[in-house]
There are 2 protein chains.
Amino acid sequence: MTGLRANNLPSAHECLAQRFKTWSSGEFDLTLCPVRGILDRLGDKWTTLIVIVLAQRPHRFSEIGRAIPDISKRMLTQTLRDLERDGMITRRVFPTKPPSVEYGLTELGESLLEPLAHLVTWAENSQPKIATARSAFDAAETSPS
Amino acid sequence: MTGLRANNLPSAHECLAQRFKTWSSGEFDLTLCPVRGILDRLGDKWTTLIVIVLAQRPHRFSEIGRAIPDISKRMLTQTLRDLERDGMITRRVFPTKPPSVEYGLTELGESLLEPLAHLVTWAENSQPKIATARSAFDAAETSPS
DNA sequence: TAGGCTTGGTCTACATTCTAGACCAGGAGA
DNA sequence: TCTCCTGGTCTAGAATGTAGACCAAGCCTA
């Protein structure tokens with residue numbers, strides 16, 4: 001039951017368990033774990049969405065805003081800055097009038113697409129199960145007779 | 001440059017671009033996208049960490065707290081409830097004194113481990129590049145001469 | 001020439017979410 | 001009796017996110 005799986009990857013269990021052990025093994029402060037920092041960033045509600053939008057082609061500032069209607073300009077600016085700082089996207093200003101700014105994925109940003117696609121696929125496939133679980137849980141909550 | 005890659009998966013680009021097009025194609029309200037809801041949950045700072053801890057073996061409430069020292073009880077309770085509601089973990093109460101509660105991954109929760117391991121691997125591998133990009137960006141910011 | 005539109009943002013006020021830590025009941029051990 | 005353990009709940013304050021007004025510069029229209 002250990003070792004390799006049908007897809008030739010080491011078991012996800014072992015992979016994660018091993019990593020966690022390494023992280024927790026004394027010398028390492030889990031609180032400062034850089035992977036956590038990265039995962040936090042990826043999880044901050046807009047980041048993945050913006051990356052997915054830019055995966056199609058480079059976009060201009062307002063174009064992204066139109067593709068993601070419910071993001072505020074402030075969060076769009078901030079998320080783009082953070083992504084730029086992390087080397088995931090490039091920002092190019094064109095001297096048009098009014099000046100336009102184009103954002104696109106860097107090589108590093110592109111490399112994120114593959115694991116991200118896995119996760120999105122998982123989310124799509126699991127969505128029905130999650131919805132079912134939620135209904136069941138909520139039903140049990142509201143009528144715990 | 002399209003189609004299949006060395007790993008026999010469709011290109012992540014196409015995969016995500018295609019999905020986004022489907023999502024954005026009129027009939028579908030991106031704001032209500034269920035995948036977004038799931039990704040938001042996964043990104044909420046503690047969820048992935050707890051899943052990784054439980055990937056090793058079932059844990060009791062305080063055990064998780066000890067494994068993740070900087071989580072508050074409130075967030076631990078809340079995140080566990082959310083995970084339970086989504087059918088990712090089970091909660092079992094043992095009638096010991098004082099009663100102990102054990103949390104463990106469900107099959108659905110386990111199925112998340114694989115995409116999650118991909119992402120963690122990516123984060124670990126990319127961490128040096130991200131750190132470099134950050135320093136470069138910050139250096140350019142502070143001395144933009 | 002005035003008015004309104006676009007660009008990529010910034011700023012402020014308010015709402016939501018997170019954190020730190022006190023508190024709880026009930027039993028066990030000293 | 002006094003303290004500690006369990007798995008939580010509750011509250012206050014801090015951090016974070018949202019909505020939307022505002023900005024300068026240039027273009028188009030009337």
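Helices are DSSP runs of H or I with at least four residues, and they are numbered from the N terminus. The legends below describe close-up views of a predicted model.

**Figure 1. The contact between chain B and chain A.** The size of an interface is often given as the accessible area lost when the parts come together. For chain B and chain A the area buried between them is about 6300 Å², and carbon and sulfur atoms carry 69% of it. Leu16(B), Arg85(B) and Trp122(B) contribute 12% of what chain B buries against chain A, more than any other three residues. In terms of residues in contact, 64 of chain B meet 64 of chain A.

**Figure 2. Polar contacts across the interface, and the elements that form the side of chain B.** Between chain B and chain A, 18 residue pairs are in polar contact, with both residues at pLDDT 80 or more. Two or more residues of the side of chain B that touches chain A come from each of helix 1 (12–24), helix 2 (34–42), helix 3 (47–56), helix 5 (73–85) and helix 6 (107–142) of chain B. Helix 6 of chain B gives the largest share of this side, 23 residues. Sorted by class, the side of chain B that touches chain A comprises 34 nonpolar, 12 polar and 18 charged residues.

**Figure 3. Salt bridges between the two chains.** Eight salt bridges are counted between chain B and chain A. One links Arg134(B) to Asp86(A), with 2.5 Å between the closest N and O atoms. Over all chains, the structure holds 14 salt bridges. Asp70(B) and Arg36(A) also pair through their side chains in a salt bridge, at 3.2 Å from N to O. This pair crosses between chains: Asp70(B) lies in the loop between helix 4 (61–67) and helix 5 of chain B, whereas Arg36(A) lies in helix 2 (residues 34–42) of chain A.

**Figure 4. The symmetry relation of the two copies.** Two copies of a chain are related by a rotation about an axis and a shift along it. Here a turn of 180 degrees and a shift of 0.0 Å along the axis lay chain B on chain A with an RMSD of 0.0 Å. Such a relation is that of a two-fold axis. Within chain B, Gly43(B) has the C-alpha nearest the axis, at 1.7 Å from it. Both copies use the same surface, as 100% of the contact residues of chain B recur in chain A.

**Figure 5. The protein residues around DNA strand C.** DNA strand C is surrounded by 21 residues, the closest being Ser62(A), Lys73(A), Arg91(A), Tyr103(A) and Met75(B). Of the atoms of DNA strand C that come within 4 Å of the protein, 64% are accounted for by sugar and phosphate. At least two residues of the surface near this strand are supplied by each of helix 4 (61–67), helix 5 (73–85) and strand 3 (100–105) of chain A, and by helix 5 of chain B. Helix 5 of chain A provides the largest share of that surface, four residues. The surface near DNA strand C has eight nonpolar, four polar and nine charged residues.

**Figure 6. Polar side chains of chain A at DNA strand C.** The side chain of Lys73(A) places an N or O atom 2.9 Å from a base oxygen of DNA strand C. In the side chain of Arg60(A), an N or O atom is 3.4 Å from a sugar or linking oxygen of the strand. For Arg66(A), a polar side-chain atom lies 3.5 Å from a phosphate oxygen of DNA strand C.

**Figure 7. The protein residues around DNA strand D.** The 20 residues that surround DNA strand D have Met75(A), Ser62(B), Lys73(B), Arg91(B) and Tyr103(B) as the closest. Sugar or phosphate makes up 68% of the atoms of DNA strand D within 4 Å of the protein, and the rest belong to bases. Helix 5 of chain A, along with helix 4, helix 5 and strand 3 (100–105) of chain B, each give at least two residues to the surface near DNA strand D. The largest share, four residues, comes from helix 5 of chain B. By class, the surface near DNA strand D divides into seven nonpolar, four polar and nine charged residues.

**Figure 8. Polar side chains of both chains at DNA strand D.** In the side chain of Tyr103(B), an N or O atom is 2.8 Å from a phosphate oxygen of DNA strand D. From chain A, the side chain of Trp46(A) has an N or O atom 3.1 Å from a phosphate oxygen of the strand. The side chain of Arg60(B) has an N or O atom 3.3 Å from a sugar or linking oxygen of DNA strand D.

Definitions and conventions:
Residues numbered from 1 in each chain as written. Chains lettered and ligands numbered in written order. Predicted model: local features only at pLDDT ≥ 70, side-chain atom pairs only at ≥ 80, totals over all residues. Heavy atoms only, no water. Contact = heavy atoms within 4.5 Å. Buried area = accessible area lost by both parts, 1.4 Å probe. Salt bridge = Lys/Arg side-chain N within 4 Å of Asp/Glu carboxyl O. Polar contact = N/O pair within 3.5 Å; in protein donor to acceptor, adjacent residues only side chain to side chain. Nonpolar A, V, L, I, M, F, W, Y, C, P; charged D, E, K, R; others polar. Least-squares fit on C-alpha atoms with pLDDT ≥ 70 in both. Near = heavy atom within 4 Å.
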